[in-house]
Amino acid sequence: MVNNLKGIDSFVDVSCGTGELPVQAVKHGFLGKIYIFDSSNLNIKITKIRLKKLGFNNLQTFLYTNKVTDTAKEFKEIMKMNKIQPDLIIQRTKPSASAIF
């Protein structure tokens, strides 16, 4: 996945966990904007720390609170409110949350 980010200026990582995908993207030279979403504030903090250690700070974070079946709608609303128009949306968990993308 991280080898295929040529031409991508921004991406959203839904359910980012501890940030393995953003970390690998940055290690492979990604310099664009990363938006991370997770239901765990701790995961978001860990991801931010890991990216900061790599000297990367072009990051925006979002904590979601709804159950998974409502989360896709919440993502869409948050992205619209914040005028987020990423080149790529990555959703690795439950299919119901990625159906709208």
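Trainee: Which residue follows α1, and what is the sign of its phi?

Mentor: In this predicted model, α1 is followed by glycine 29, whose phi is positive, near 95°. Glycine 55 comes after α2, and its phi is positive as well, near 80°.

Trainee: What makes serine 15 worth a look beside those glycines, and where is its place?

Mentor: Serine 15 is not a glycine, although it has a positive phi of about 60°. Its place is in the loop between β1 (10-14) and α1 (20-27).

Trainee: Why is serine 15 called buried?

Mentor: The word buried is used under 20% relative accessible area, and serine 15 has 15% relative accessibility, so it counts as buried.

Trainee: Which residues of α1 are buried?

Mentor: In α1 the buried residues are Leu21, Pro22, Val23, Ala25 and Val26. Glutamate 20, by contrast, counts as partly exposed, because its relative accessibility of 42% falls between the limits of 20% and 50%.

Trainee: What makes the contact of glutamate 20 with arginine 50 a salt bridge?

Mentor: A salt bridge needs a side-chain nitrogen of Lys or Arg within 4 Å of a carboxyl oxygen of Asp or Glu. The side chains of arginine 50 and glutamate 20 meet at 2.9 Å, N to O, so the pair satisfies that cut-off. The pair links distant parts of the chain, with arginine 50 in helix α2 and glutamate 20 in helix α1, 30 residues apart. Arginine 50 is partly exposed, with a relative accessible area of 26%, and the structure holds one salt bridge.

Trainee: Why can such side chains pair at all?

Mentor: Side chains of opposite charge can pair when their charged atoms come close.

Trainee: How do you know that the span of α2 is close to what is expected?

Mentor: The expected span is 1.5 Å times one less than the number of residues. For α2, with 13 residues, that gives 18 Å, and the helix reaches 19 Å from its first C-alpha to its last, which is close to the expected value.

Trainee: What puts the buried residues of α2 on the same side?

Mentor: The buried residues of α2 are Asn43, Ile44, Thr47 and Leu51. They cover an arc of only 100° around the axis, and that puts them on the same side of α2. On the other side of α2, Leu42, Lys52 and Lys53 are exposed. What covers the buried residues includes α1, β2 (33-38) and β3 (59-63).

Trainee: Why does asparagine 43 count as buried, and what is it in contact with?

Mentor: Asparagine 43 is found in helix α2 (residues 41-53), and its relative accessibility of 19% is under the 20% limit, so it counts as buried. Leaving aside its neighbours within four places in sequence, asparagine 43 is in contact with Gly17, Thr18 and Asp38.

Trainee: Which residue caps the N-terminal end of α2, and how do you know?

Mentor: Serine 40 caps that end, with a side-chain oxygen lying 3.3 Å from the backbone nitrogen of leucine 42. The cut-off for a polar contact is 3.5 Å, and the 3.3 Å of this pair is within it.

Trainee: How many aromatic pairs are there, and why is the pair of phenylalanine 11 and phenylalanine 30 called tilted?

Mentor: The structure holds two aromatic pairs. The rings of phenylalanine 11 and phenylalanine 30 have their centres 5.1 Å apart and their planes at 55°. Planes under 30 degrees apart count as stacked and over 60 as edge-to-face, so an angle in between is called tilted. Phenylalanine 11 lies in strand β1 and phenylalanine 30 in the loop between α1 and β2, so the pair ties together parts that are 19 residues apart in sequence. Phenylalanine 11 is buried, with a relative accessible area of 0%, and phenylalanine 30 is buried too, with 6%.

Trainee: What makes the pair of phenylalanine 37 and phenylalanine 62 stacked?

Mentor: Their ring centres are 4.8 Å apart and their planes stand at 20°, so the pair is stacked, given the limit of 30 degrees. Phenylalanine 37 lies in strand β2 and phenylalanine 62 in strand β3, so the pair ties together parts that are 25 residues apart in sequence. Both phenylalanine 37 and phenylalanine 62 are buried.

How values were computed:
Residues numbered from 1 in each chain as written. Predicted model: local features only at pLDDT ≥ 70, side-chain atom pairs only at ≥ 80, totals over all residues. Heavy atoms only, no water. Helix = DSSP H or I, 4+ residues; strand = E, 2+ residues; numbered from the N terminus. Buried < 20%, exposed > 50% of the residue type's maximum accessible area, 1.4 Å probe, protein only. Contact = heavy atoms within 4.5 Å. Arc of directions from axis to C-beta. Polar contact = N/O pair within 3.5 Å; in protein donor to acceptor, adjacent residues only side chain to side chain. Phe/Tyr/Trp six-rings, centres within 6.5 Å; stacked < 30°, edge-to-face > 60°.
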